[in-house]
Amino acid sequence: MKVLLINGSPHREGCTYTALCEVSRALNDNGVDTDIFWIGNKALSGCIACKKCQGTGKCVFNDSVNEFLEIAGDYDGFVFGTPVHWAGATGAMTSFMDRAFYADLNGGGRRFRLKPAAAVISARRAGTTATWDQMNKYFGRMQMPIVTSQYWNMVHGACPEDVRRDLEGLQTMRTLGNNMAFFINCKNLGLKMGLRLPDTEAPVHTNFIRS
Ligand SMILES: Cc1cc2nc3c(=O)[nH]c(=O)nc-3n(C[C@H](O)[C@H](O)[C@H](O)COP(=O)(O)O)c2cc1C
């Protein structure tokens, strides 16, 4: 059992990383292995809607998005962390998730379906719940069960030391890790006992405007 924690901050070891480490420790305590994937701090293009990912399941831009897609299939669950920039996810994290999930869907939706996911938000002060809502929308569209905690998944601080003093935030992170481990265990146990993942119907696209 393995969970991948994605750090969407431009800081490799900043506040978001500090929060993800707390989730990671809780997962480890429950026997779940973890890796942290940093999306980096180089410019990440947004999706240019070229649809070249159709069939390939990869993005035309060969950057950390493709590095992530290459390994994502090996994991049983995902935690996506982002700092709040202007009351939303960072531009880079938004580009990263837009492209990664679009490429996966266009490649047949193999890597993420029915794997639990959670978003972790770090902010100095405001915009956390709006950002959490934004992040959860990806999971809803990707058929990823959303794992929650005893509070909305956020930590506060302008530096890692602040986050380490945010005891409620850290507790929220630990509970999130415990809960995710539980759901992964439930799924694996079910599969072991013969439960099958449900099939997905071929997508029907009915746009609002018709000719
Ligand atoms: C461009 C920019 C915009 C930001 N906007 C917000 C904001 O809207 N609300 C907030 O509370 N903090 C905001 N911050 C502060 C960061 O969210 C906060 O310091 C965060 O914990 C940093 O996490 P990191 O160390 O993982 O990058 C902003 C920071 C930057 C650089």
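In this predicted model, a backbone N or O atom of A87 lies 2.9 Å from an oxygen atom of the ligand, and a polar backbone atom of R124 is found 3.2 Å from an oxygen atom of the ligand. With T16 the side chain is involved instead, since one of its N or O atoms is 2.7 Å from an oxygen atom of the ligand. Each of these three distances can be read against the cut-off for a polar contact, which is a pair of N or O atoms within 3.5 Å. On its own the ligand has 650 Å² of accessible area, and the protein covers 72% of that area.

The elements that give two or more residues to the shell around the ligand are helix α1, residues 15-29, together with the strands β3, residues 77-85, and β5, residues 117-123. Strand β3 provides the largest share of this shell, namely 3 residues. There are 17 residues around the ligand, and those that come nearest are S9, H11, T16, V84 and R125; T16 is thus a residue to look at twice, as its side chain also holds the N or O atom that is 2.7 Å from a ligand oxygen. Sorted by class, the shell is made up of 8 nonpolar, 7 polar and 2 charged residues.

From the ligand we can turn to the open spaces of the protein. The largest pocket has a volume of about 360 Å³, and of the 14 residues that line this pocket, L105, G109, R141, Q143 and P203 are the closest to its centre. Helix α3, which covers residues 91-106, gives the most to the lining of the largest pocket, with 4 residues. The lining of this pocket divides into 4 nonpolar, 6 polar and 4 charged residues.

A cavity, unlike a pocket, is a space where a probe fits but cannot get out, and the model has 1 cavity of 30 Å³ or more. About 100 Å³ of space lies in the largest cavity, which is lined by 15 residues, the closest to its centre being C47, C50, C53, C59 and R99. By class, the lining of the largest cavity has 10 nonpolar residues, 1 polar residue and 4 charged residues.

Finally, we can step back to the chain as a whole. The chain has 6 helices and 6 strands, and, read from the N terminus on, these elements follow the order β-α-β-α-β-β-α-β-α-β-α-α. Along its principal axes, the C-alpha trace of the chain spans about 55 × 45 × 30 Å. For a chain of 211 residues, a compact globule would have a radius of gyration near 17 Å, and because the chain has a value of 17 Å, it agrees with what is expected of such a globule.

Technical notes. Residues numbered from 1 in each chain as written. Predicted model: local features only at pLDDT ≥ 70, side-chain atom pairs only at ≥ 80, totals over all residues. Heavy atoms only, no water. Near = heavy atom within 4 Å. Polar contact = N/O pair within 3.5 Å; in protein donor to acceptor, adjacent residues only side chain to side chain. Areas by Shrake-Rupley, 256 points an atom, 1.4 Å probe, with all protein chains shown as cover. Nonpolar A, V, L, I, M, F, W, Y, C, P; charged D, E, K, R; others polar. 1 Å grid on protein atoms, 1.4 Å probe; cavity = no way out; pocket = protein on both sides within 12 Å on 5 of 7 lines; lining within 4 Å. Points joined across faces, edges and corners; volume = space filled by probe spheres on them. Rg over C-alpha atoms; globule rule 2.2 N^0.38 Å.
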